[in-house]
Amino acid sequence: MRISTTIFLTDETITPVRLARELEERGFAGLYLPEHTHIPAERTTPYPVGGDLPPEYGRTLDPFVALAQAAAVTATLGVGTGITLVAQHDPIALAKQIATLDHLSGGRFTLGVGFGWNREEAADHGVEWSTRRDLVRDRMHLMRALWAAEPTPYHGDFGSVRASHAHPKPARGPAPRTLVGGTAGPGLFSHIADYADGWLPIGGRGLTESVPALRATWQRAGRDPDTLRIVPYAVLPSEGKLARYAELGCEEVVLQLPPAGEGEVLRVLDEYGKYL
């Protein structure tokens, strides 16, 4: 099982270049970064896990810029978003960013797709909260049209694009590796089966019950059962957890790093080294 990491990189933490080099030298498989463009100071949306919102949420680096730095100083380290708030982007521009990073990294990019939890942040981007999931699905199909080998038009409920010349293309196939984050349920599983390669379950809890349901949805959609990927995300590891993920067929797990300076992050990487 590949061991990757995620971290809230900010203007106060270890740098993307330093972290990426350390991860590759130590044998970790990948680096995933979250996204928040901004956190409105006045908001009513509660922090999903309870309590006060940690300050790093309002200080996150742009994931595509940071991951480009990470890819530039490594040769094998996977780079990915965990997650991209697709509804908050222009899909034509986002398709270009994604394809460029995947091309320049030699196909090392994984697109983590998310729907968001902060209503105020989304509203500032003009997102209608009740339809954001449908909007994300629409934008994913629009981007896939731009990534197609031949000029392909797309006409959706939320946007459209003419048949276009759009390069570069993703390095390995019709789309970069795509994983969808979110809480288990029929709605999420339909998204995964529609346009993704698998699931990013945050924390990795409850997989024993939910994985069979996801596999059933996947197969009903006509997808090859051997191609489904389940990648537990933002995990605080133990030997027992990782063994259970392996039993469930997980080929990769993403461990949570603290949003800290170089010394603290490297100390945690030393601890996580025993799982490699």
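Two cavities of 30 Å³ or more are found in this predicted model. The largest has a volume of about 50 Å³. The second largest also comes to about 50 Å³. Aromatic pairs number eight.

**Largest cavity**
- The lining consists of L85, V86, A87, Q88, G114, F115, G116, A122, V127, W129 and R132.
- By class, seven of these residues are nonpolar, three are polar and one is charged.
- W129 and R132 both belong to this lining, and the charged end of R132 sits over the W129 ring, 3.8 Å from its centre.
- F115 is another lining residue; the charged end of R133 sits over its ring, 4.4 Å from the centre.

**Second largest cavity**
- R2, R177, L228, R229, I230, V231, G249, C250, E251 and E252 form the lining.
- Here the split is four nonpolar, one polar and five charged residues.
- Among the lining residues are the arginines R2, R177 and R229, along with E251 and E252.

**Aromatic pairs**
- The count of aromatic pairs is eight.
- F189 and W199 make an edge-to-face pair, because their ring planes stand at 75 degrees, with the centres 5.4 Å apart.
- F189 belongs to helix α6 (residues 186-195) and W199 to strand β9 (residues 198-200), so this pair ties together parts that are ten residues apart in sequence.
- Both F189 and W199 are buried.
- Ring pairs also link F8, Y47, Y57 and W117 into a cluster.

Key
Residues are numbered from 1 along each chain as its sequence is written. This is a predicted model: local features need pLDDT of at least 70, side-chain atom pairs count only at pLDDT 80 or more; totals for chains, interfaces and linings use all residues. Side-chain values use heavy atoms; hydrogens and water are left out. On a 1 Å grid over the protein atoms alone, a cavity is a set of points where a 1.4 Å probe fits but cannot get out, and a pocket is an open set with protein on both sides within 12 Å along at least five of seven lines; lining residues have an atom within 4 Å of a point. Grid points are joined across faces, edges and corners, and a volume is the space filled by probe spheres set on the points. Ala, Val, Leu, Ile, Met, Phe, Trp, Tyr, Cys and Pro count as nonpolar, Asp, Glu, Lys and Arg as charged, and the others, Gly among them, as polar. Rings of Phe, Tyr and Trp (its six-membered ring) pair if their centres lie within 6.5 Å; planes under 30 degrees apart count as stacked, over 60 as edge-to-face and the rest as tilted. Helices (H or I, at least four residues) and strands (E, at least two) are DSSP runs, numbered from the N terminus. Buried means under 20% relative accessible area, exposed over 50%, partly exposed in between (1.4 Å probe, protein chains only). A charge sits over a ring if NZ of Lys or CZ of Arg is within 6 Å of the ring centre and within 35 degrees of the ring normal.
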